[in-house]
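Got your viewer open? Let's take a walk through this model, one selection at a time.

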Amino acid sequence: MRLDGKAEGLRQSMSWLHTWTGILLGGLLYVIFFTGTLSYFQDEISLWMKPELHASVPPATTELSAQAAMASMARIAPDASTWTLTLPTERRTTVGASWRPPGQENAGRAGLKRAELDAVTGEQITPRETRGGGFLYRFHFELHSMPRAVARWIVGIATMFMFVAIISGVITHKKIFADFFTFRPRKGQRSWLDAHNASAVLALPFHIVITFSGLLLFMATLMPWAIESAYQGDRQAYNAERRGGGAQAEQRAPRGPRGGRDGASAQPADLAAAIGPMLAQTRQEWPGRSVGTITVNRPGKPNATVELREHGSESMISRGASKRLRFDAASGKLLDSPPARQPSTASAIFNVMVVAHLGDFAGPAVRWLLFLSGVMGTAMVGTGMVLWVVKRLPERRKLGHTPWGHHLVEKTNIAVIAGLALATAGYFWSNRLLPFDMAGRTGWEINAFFIVWLASLLHAIVRPARAAWIEQCIAASLLFALLPLLNPLTGGHGLYTSLQAGQSSIAAFDLAMLALAAIFAAIPFHMLRKQRRAAAATAPAAPLAPASTSVTP
Amino acid sequence: MHLTPSRKSPAPPLQAGLARYRWTIALRSIAAIGGGYVLAAASADWLGRLLPVLGMSRLEAVATATMLAFIVHACAAIWAFAVASTRRATLGIVLPAAVLAAGAWAAGGAA
């Protein structure tokens, strides 16, 4: 797209398209990438933000946790119609319990009660009220304080721009793999371009999958037309088929064991005693797999059934179709279990994309890989935004003033990149500093997030760009670095305790905060070193004004 | 590829060039965003109708059609800015989108 209307090559027009799709929605995309990347550790964040749960240390075998939880549930909710227990894993320290009190059979999710149980004693633990990692996760695709559908459209449009920016970016680069091995540090604009290219190319498959699957996750909002035409507008039929029709119907109306069961076995089953052998049998049926959740139907009745569901799913292709085994609680006998589904090609591609986006299947190694790819994506968007400004510095110098568009992007960059980090740190700090039983605690944690973000924006507006970058990055770095200290001081398991107790998910949060602190310390470190070098180089000659007004890190 | 007009040519033709440039961008953006979406939506609708007829299960048809629709939109958007002639870029998307959408609308009414 040239002003003089002359013809240009594909690479030139794609470069134009890449720049403008990128910069138009760059800030929003950065926010989506940043919060989405953190959401790979949503459970870890939630756990850290509920330090009351740190004291629960899972025992060596899940049998002990399951037995204690069953005994405890018999006291807490003896007359519930169902219990669902989520067993401790490397990502959760407690047993998560939810149950449906009598009379709430048709109340859906709202009719469920929840509690956290100690993994050893089964005692109920009351954690502080917080949205935890769920807030960042929801923010990633539903933003905040706006109708869900509107937010999904905004995020969806940004995702489409991202998809176009990725494809046009690939076309723009004639030497895409050579670029990957090219990094020319301390060369101003070149270094920013190299960093942008390297972060883009290094995780290119991830960027493509994550963007495309982001669109697929929103398909019911953004692109429902195939559902409409193939199912004649019957969305319920579509959803039922996607969740695997038959299995769903059976789950909704669980059949009890047939045949009269009277006499001696008319007593409620002793679930705490029965669960051990069931877990043992499950281990034989699924070698190498573990049980994630236990659902008990009619726990207080003689015809209770127990369903054990696999933790995660063996393959990414069968999304959500984890294996299940159903037992009769009284006799411990295996009942007929719902069969697992086998999807075909298009659904398989669809499922792999979506599951990779959600990270549902991922063990620790894959989760870290996804997280690092997310960091790459965040860096790609961030460096792209900064590059736009750096590239226009000569133009600005030539003009002798800064066009308002440049000002806008420059200030937005600071408030988005440094500001979002500050806001996130502020969210974590408020979680530990607000009083435990404060009214509206959850809301105030979120308020803290936005107040800090707003403060960052105002600071970016009033301060010169360079100073604002340095000051905000140092502040963010300090706030992140001190969180691992704040953790044990405010009731959590600090690094020393968590590592000794083998609570790797708590330790991972503290370590990730130290890593974030290092990243945000590196930016002002480089900016100040560059300034010092520039000062040394120009010291003998007359001091050059433009060098000191250089605006970017 | 710097687009700020003041750098290119400060001469009088600039105004005409700038207006023309803005029109070009506006037309192509509309073709890419609006036209591209209609084209994608109409192809999703058509595939969702046709694939089950060709023997694919409805669930598979939806997955295939929706994934292709997003790719169609992205390709249309790129094409809108890659083609040299603005008229060709605009008409090349708007015409097939209109035909497909009209057909889908008629088929939907008949069904």
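Which strands of chain A does helix α3 lie across? Select residues 62-76 of chain A to show the helix, then look at what is beside it. This is a predicted model, by the way, so everything you see here comes from a prediction. Helix α3 of chain A lies across β1, β2 (95-100), β3 (113-117), β4 and β5, and it runs at about 145° to β1(A).

Now for the sheet itself. Colour the strands of chain A and trace them in the order β4-β3-β2-β1-β5-β6-β7-β8. These 8 strands form an open sheet, and their pairing is antiparallel. Which strands stand at the edges? Pick out 124-125 and 334-335 in chain A: they are β4 and β8. Each has a single partner strand, so one side of each is left without a neighbour in the sheet.

Next, zoom in on one pair of strands. Select residues 82-86 of chain A (that's β1) together with residues 291-297 of chain A (that's β5). The two run antiparallel, with 5 bridges joining them. Want one bridge to find by eye? Click on Thr82(A), then look across to β5(A), where its bridge partner is Asn297(A).

Time for some side chains. Show Asp43(A) and Arg91(A) as sticks: they meet in a salt bridge, 3.6 Å from N to O. This pair links distant parts of the chain, 48 residues apart. Asp43(A) sits in helix α2 (residues 42-48), while Arg91(A) is in the loop between β1 and β2 of chain A. Over all chains, the whole structure has 17 salt bridges.

Last stop: bring chain B into view. How many residues of chain A are in contact with chain B? There are 45, and they meet 41 residues of chain B. The two chains bury about 3900 Å² between them, 75% of it on carbon and sulfur atoms.

Across this interface there is 1 salt bridge. To see it, select Glu241(A) and Arg58(B), whose closest N and O atoms are 3.0 Å apart. Also across the interface are 8 residue pairs in polar contact. Several helices of chain A each supply at least two residues to the side that touches chain B, among them α1 (10-39), α8 (204-217) and α14 (345-358). Which one gives the most? Highlight α5(A): it gives 8 residues. Finally, colour that side of chain A by class, and you'll get 31 nonpolar, 7 polar and 7 charged residues.

Definitions and conventions
Residues numbered from 1 in each chain as written. Chains lettered and ligands numbered in written order. Predicted model: local features only at pLDDT ≥ 70, side-chain atom pairs only at ≥ 80, totals over all residues. Heavy atoms only, no water. Contact = heavy atoms within 4.5 Å. Buried area = accessible area lost by both parts, 1.4 Å probe. Salt bridge = Lys/Arg side-chain N within 4 Å of Asp/Glu carboxyl O. Polar contact = N/O pair within 3.5 Å; in protein donor to acceptor, adjacent residues only side chain to side chain. Helix = DSSP H or I, 4+ residues; strand = E, 2+ residues; numbered from the N terminus. Nonpolar A, V, L, I, M, F, W, Y, C, P; charged D, E, K, R; others polar. Pairing = 2+ DSSP bridges. Axes fitted to C-alpha atoms, helices over the stretch in contact; angles between N-to-C directions.
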